[in-house]
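Visitor: I should like to learn how to read the features of a protein model. May we work through one together, step by step?

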Amino acid sequence: MLDWIIYSWYCPNCKEEVAGLKDKKNQIKVKCSRCGAEMIRTIVGRRHDVIDIYAPAGEKHHDAEVQLS
Ligand SMILES: [Zn+2]
């Protein structure tokens, strides 16, 4: 059963707001209009969401790389 709650959050890549509707599998699939990152948010439970982020082709995520010697 579908509900029509619009889920919105901020793109972790560029902080643009994204929004989408949940599908039958409890997933919300959106594409950021600013940076092009694709995200799939899965509602696991009332207090547990998982957001998978797929960066645009050719772009790596922006986290600092740490090297331990
Ligand atoms: Zn973005």
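Visitor: Let us begin with a single pair: which residue in β5 is the bridge partner of Glu-38?

Guide: The model before us is a predicted one. In general, the strands of a sheet pair through backbone hydrogen bonds, either parallel or antiparallel. Here, Tyr-54 in β5 is the residue bridged to Glu-38. That bridge belongs to β4, residues 38-45, whose pairing with β5 is antiparallel and runs over seven bridges.

Visitor: How many residues does the hairpin between β4 and β5 use to join them?

Guide: The hairpin passes from β4 to β5 through two residues.

Visitor: In what order do the strands of the open sheet stand?

Guide: The order is β3-β4-β5, three strands with antiparallel pairing. The edges are taken by β3 and β5 (48-54); each has a single partner strand, so one side of each lacks a neighbour in the sheet. Direction ignored, neighbouring strands are turned by 15° against each other on average.

Visitor: How many of the seven residues of β5 are buried?

Guide: A residue is counted as buried if 20 or more other C-beta atoms lie within 10 Å of its own. In β5 the number is zero, so this strand lies largely in the open. For the chain, buried residues make up 9% of the 69 residues.

Visitor: What pattern does the chain follow along the sequence?

Guide: The pattern reads β-β-β-β-β, with five strands and zero helices. Among contacts with a separation of 6 or more, 11% are between residues 24 or more positions apart.

Visitor: I turn now to backbone angles. What is the phi of Lys-15, and where does this residue lie?

Guide: As a general idea, most residues other than glycine have a negative phi. Lys-15, which is not a glycine, has a positive phi near 70°. Its place is the loop between β1 (6-10) and β2 (17-21).

Visitor: Is Lys-15 buried or exposed?

Guide: Exposure is read from the C-beta neighbours, with 12 or fewer within 10 Å counting as exposed. Lys-15 has 10 of them inside 10 Å, and therefore counts as exposed.

Visitor: What may be said of the phi of Asn-26?

Guide: Asn-26 has a positive phi of about 65°, although it is not a glycine. This residue sits in the loop between β2 and β3 (27-31). Asn-26 is exposed because 12 other C-beta atoms lie within 10 Å.

Technical notes: Residues numbered from 1 in each chain as written. Predicted model: local features only at pLDDT ≥ 70, side-chain atom pairs only at ≥ 80, totals over all residues. Helix = DSSP H or I, 4+ residues; strand = E, 2+ residues; numbered from the N terminus. Contact = placed C-beta atoms within 7 Å. Pairing = 2+ DSSP bridges. Axes fitted to C-alpha atoms, helices over the stretch in contact; angles between N-to-C directions.
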